[in-house]
Amino acid sequence: MLAIRAAKLFDGIGPGTVERPAVLVEGGRITGVVPGGSVPAQARLVDLGRATLLPGFVDTHVHLAFDASEDAVGRLRAAGDDELQGRMRAAARATLAAGVTTVRDLGDRGYLALRIRDETAKDPTAGPTVLASGPPLTTARGHCRFLGGRAEGVDGIRAAVRERAGRGVDVVKVMVTGGDLTPGSDPFHVQYGHAELLAAVREAHRHGLPITAHAHSAAGIADAVAAGFDMVEHCFFVTEITDESDETDPGVDYDRRVLDDMVRLGVVASLTLGSLPGGPPPPPRIARRIPGLVAGLAAMREAGVAVVCGSDSGIFPAKAHGSHPYSIAAMVETGFTPLEALRAATSAAARACGVACRKGCIAPGFDADLVAVAGDPLADITAVHAVTAVFREGTRVPLP
């Protein structure tokens, strides 16, 4: 038996912390949480001092195959599978060291994330638990087409979903709109018609798989919700700014009717906020949208939309692997409370990813996935940056 003691504990649900807890672990699972710090005589004690224990973070949106370089797409295209898999292993280790013990990989090439999933399942110190989508479904000239997920037409969409189910993916991802990462792709318009989106949803659900939509624009989000997607990635309701001189156009259009539909249907928004500090300022077109995005997030929060926290790590340098704590802090910077942000990165994220029976909470029967931080993140969310210890399935992870 292992006993892990700390000054405080947040169990992933809240509303507050437990003082001087000891978490008891056997066989990679939590067997008990003892307030007051007393431990059984036979237990091996790890005392983390003044740290706060949290459930291991669940990052709902990563790309292990992208290396967070200035030319992440070009480097991925140029790499062979062995080289790319080596980079993905390094990305997994960096992610785990930041306290992220479960990730949902939403776009790889050649289903390589499934190999990483198998490797980290065997060795808890090699990286997080991986939930993988394989190459996302996209059109011939669509967003991330270089990952090999081309699928068009109702029959083509169904066949692509069946292929992923046969490969053993954990989730299906569809590029409902374009994205900025792909030259020539349009993030403001929808790539698929309603019949195709409906076919994707029905085929995924027929195979018992959740399905999530990459959607930046208000139109794409509305179409994904109408088709029955379980989750929407990014979900920022951006609109195209057609007149750069029109300062009254916020470039964001949160539709309250769509937000109400998301609440009614249980559609989750996977927010990909945050980035490493010290990078270049955002381009004027993006900076102009920020007030509208913040106001829109307030509308989403007020409407009661379920939100979870993803990093979108790997796509460029400010989204390096291991940057997920900055996504958690960014939720607070944009109006969420520390409690809401921590839930979005733990219990709510685990629930949205379908692993709430064993991840995202510190309680008996759950995997012993734990992160210790120096400070109390419920009082100061920036404490999530100061990771002092990580345990995955009860195994302590060496930190750099």
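The following exercises, each with a worked solution, concern a predicted model of a protein.

**Exercise 1. Overall dimensions**

Task: Determine how the radius of gyration of the protein compares with that of a compact globule of 400 residues.

Solution. The expected value comes first: for 400 residues, a compact globule would have a radius of gyration near 21 Å. The protein has 21 Å, so the two values agree. The extent along the principal axes can then be added: the C-alpha atoms fill a box of roughly 65 × 45 × 40 Å. Burial completes the description, since 56% of the 400 residues count as buried because their relative accessible area is under 20%. The accessible surface amounts to about 15400 Å², and carbon and sulfur atoms account for 52% of that surface.

**Exercise 2. Composition, contacts and charge**

Task: State how many helices and strands the protein has, what share of its contacts joins residues at least 24 apart, and how far apart the mean positions of its charges lie.

Solution. The protein contains twelve helices and 18 strands. For the contacts, the set to consider is that between residues at least 6 apart in sequence; of these, 70% join residues at least 24 apart. For the charges, there are 40 positive and 46 negative ones, and their mean positions are separated by 5 Å.

**Exercise 3. The cover of helix 10**

Task: Decide whether helix 10 is mostly covered or mostly open, and identify what covers its buried residues.

Solution. Helix 10 spans residues 324-333, and seven of its ten residues are buried, which makes the helix mostly covered. The buried residues are His-324, Pro-325, Ser-327, Ile-328, Ala-329, Ala-330 and Met-331. The elements that cover them include four strands named here individually: strand 8 (57-62), strand 9 (100-105), strand 14 (268-271) and strand 15 (307-309). Helix 11 (338-344) is also among the covering elements. After helix 10 comes Gly-335, with a positive phi near 120°.

**Exercise 4. The open sheet and its last hairpin**

Task: Give the strand order of the six-stranded open sheet, and describe the pairing of strand 17 with strand 16 and with strand 18.

Solution. The order is 3-2-7-16-17-18, with mixed pairing. Strand 3 and strand 18 are the edge strands, each pairing on one side only. Strand 17 pairs with strand 16 in the antiparallel sense over four bridges. Within this pair, Val-373 stands opposite Val-387, and Ala-372 has Ala-389 as its bridge partner. Strand 17 also pairs with strand 18, again in the antiparallel sense, over two bridges; here Phe-391 is the bridge partner of Arg-396. The hairpin of strand 17 and strand 18 has two residues between the strands, and Glu-393 takes a positive phi near 50° there.

**Exercise 5. The surroundings of Leu-370**

Task: Establish whether Leu-370 is buried or exposed, and list the residues it touches beyond four places in sequence.

Solution. Leu-370 belongs to strand 16 (residues 370-373). Its relative accessible area is 0%, so Leu-370 is buried. Beyond four places in sequence, Leu-370 touches Ile-4, Val-23, Ile-30, Leu-53, Leu-54, Pro-55, Gly-56, Ile-362, Ala-389, Val-390 and Phe-391. A further distance relates Leu-370 to Arg-392: they are 22 residues apart in sequence, and their C-alpha atoms are 6.5 Å apart.

**Exercise 6. Backbone features**

Task: Locate Cys-235 and Glu-393, and state for each whether it is buried or partly exposed; then describe the peptide bond from Gly-14 to Pro-15.

Solution. Cys-235 lies in strand 13 (residues 231-238), and its phi is near 60°, a positive value in a residue other than glycine. With a relative accessibility of 0%, Cys-235 counts as buried. Glu-393 also has a positive phi, near 50°. Its place is the loop between strand 17 (387-392) and strand 18 (395-396). The relative accessible area of Glu-393 is 27%, so this residue is partly exposed. The last step concerns the peptide bond from Gly-14 to Pro-15, which is cis, with omega near 15°. Pro-15 is found in the loop between strand 2 (8-9) and strand 3 (18-19).

Definitions and conventions
Residues are numbered from 1 along each chain as its sequence is written. This is a predicted model: local features need pLDDT of at least 70, side-chain atom pairs count only at pLDDT 80 or more; totals for chains, interfaces and linings use all residues. Side-chain values use heavy atoms; hydrogens and water are left out. The radius of gyration is taken over C-alpha atoms; the globule rule is 2.2 Å times the number of residues to the power 0.38. Buried means under 20% relative accessible area, exposed over 50%, partly exposed in between (1.4 Å probe, protein chains only). Contact means heavy atoms within 4.5 Å. Accessible areas come from the Shrake-Rupley method with a 1.4 Å probe; for residues, only the protein chains shown count as cover. Lys and Arg count as positive and Asp and Glu as negative; His and the chain ends are not counted. The place of a charge is taken as NZ of Lys, CZ of Arg, CG of Asp or CD of Glu. Two strands pair if DSSP finds at least two bridges between them.
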